[in-house]
Amino acid sequence: MEQKRIFGERWLCAGRAEQIEKPGKYFLFNTGSESLILLRDHKGEPHAFYNVCRHRGTRLCSELEGSLRSSIQCPYHAWTYALDGSLIGAPSMDDVPDFSKVDYPLNEAALVEWEGFLYVNVSDKPISLEEHFAALIGKFSQWRLSELRVARKSQYEVKANWKLIVQNYSECYHCELVHPELSRLSITKSGYNDLHEGSFLGGYMEIDPQYESMTASGRFCAAPIGNGGSETAGRVYYYSLFPNHLLSLHPDYVMTHRLIPQAPDSTLVICEWLFDALEMAGADFNPDDAVRFWDTTNREDWEVCELSQLGVASKAYSPTPYSPRESLLAAFDREYLSALGEID
Ligand code: FES
Ligand SMILES: [Fe+2]
């Protein structure tokens with residue numbers, strides 16, 4: 001049901017535009033039973049092709065990322081597609097009456113670039129991203145997200161349902177116990193949620209004034225992004241973008257998590273640390289301070305998510321009321337139920 005109503009209908013964050021900067025560079029985004037090939041054609045147009053040969057359905061690309069010179073060839077009977085998806089080679093098919101290659105291009109999913117992120121939608125009738133994302137348009141302009149570049153990427157296989165991971169991200173009720181370092185750097189009971197209902201949820205927490213950013217040292221590990229104005233300085237903003245994208249905006253860098261459910265009790269989490277491209281080009285640039293801090297914090301989170309997964313599978317578990325510090329979880333639950341059509 002989730003695969004059909006949520007991952008089959010909603011806009012999903014698949015990656016960053018820089019992953020397909022050059023024509024022919026591609027990566028796969030696999031969600032449920034769908035696999036998409038994201039690439040840019042020779043005219044510079046980005047595409048999200050279904051990784052499915054039009055002939056007899058064979059998976060075209062198996063490597064998770066790579067470069068295609070000028071075409072995609074099916075490994076079964078050599079039907080060949082140009083980078084714009086058109087069928088350009090189909091051996092022996094000229095003998096088939098009325099067969100015309102123009103009728104069989106690769107099928108395509110909707111793809112939109114938003115703030116440097118590639119968002120895909122596999123619905124037959126996707127809702128417009130511009131409309132759906134209206135509350136976020138311009139909201140993050142101070143971080144110049146489309147100009148940032150990925151300095152580091154980590155993947156985690158978490159033995160927990162994707163919803164437990166979003167829920168864990170959506171509260172700091174657990175922070176004092178689970179994250180001693182995070183609780184030292186930021187004031188865990190501080191902050192304010194400015195998005196508290198619907199598909200996008202979150203707000204900010206204050207960084208302890210003794211520190212500059214959320215890093216292992218507590219110091220900046222790059223110059224502050226943007227104008228360093230009062231909205232970006234001294235705060236970390238945490239937003240969940242339903243269903244699979246978590247966006248954490250720091251004064252000097254941005255961290256994102258993409259969640260890709262693998263099974264009811266297993267989620268692939270791809271975490272990236274984004275920095276200003278000019279900062280990254282500097283001789284003394286080193287993202288380790290930020291990466292180390294969040295890698296530790298991530299692992300602390302995955303551990304409790306996995307314990308939670310084990311517990312909620314028990315017949316002895318039934319939900320209790322949430323605490324006031326879990327208001328975003330209640331909002332997430334409402335959004336989830338409404339996406340499934342269980343409530344209006
Ligand atoms: S299935 Fe792809 S060419 Fe036959
Ligand atoms: Fe946490």
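I count as donors the N, O and S atoms within 2.8 Å of the metal (3.2 Å for Na, K and Ca); water is not among the atoms, so sites may look incomplete. The model is predicted, with local features needing pLDDT of at least 70 and side-chain atom pairs pLDDT 80 or more, whereas totals for chains, interfaces and linings use all residues. Residues are numbered from 1 along each chain, chains are lettered from A and ligands numbered from 1 in written order, and side-chain values use heavy atoms, without hydrogens and water.

**Iron site**

I looked up the iron ion (ligand 2) and found as its protein donors His174 (NE2), His179 (NE2), Asp301 (OD) and Asp301 (OD), at 2.0 to 2.6 Å. The donor residues follow the spacing H-x4-H-x121-D. His174 sits in the loop between helix H3 (162-169) and helix H4 (175-178) and Asp301 in helix H7 (residues 288-312), so this pair ties together parts 127 residues apart in sequence. Helices are DSSP runs (H or I, at least four residues), as are strands (E, at least two), numbered from the N terminus.

I noted that the 4 donor atoms subtend angles of 56 to 148°, which makes the arrangement irregular. Four donors would be tetrahedral with all angles between 85 and 135 degrees; four are square planar and six octahedral if opposite donors are over 155 degrees apart and all others between 65 and 115; anything else is irregular.

I found both His174 and Asp301 buried (under 20% relative accessible area; exposed is over 50%, partly exposed in between; 1.4 Å probe, protein chains only).

**Sheet**

I then traced strand S9 and strand S10 (residues 117-121), which pair in the antiparallel sense over 5 bridges (DSSP must find at least two bridges for a pair). Glu113 stands opposite Leu118 in S10.
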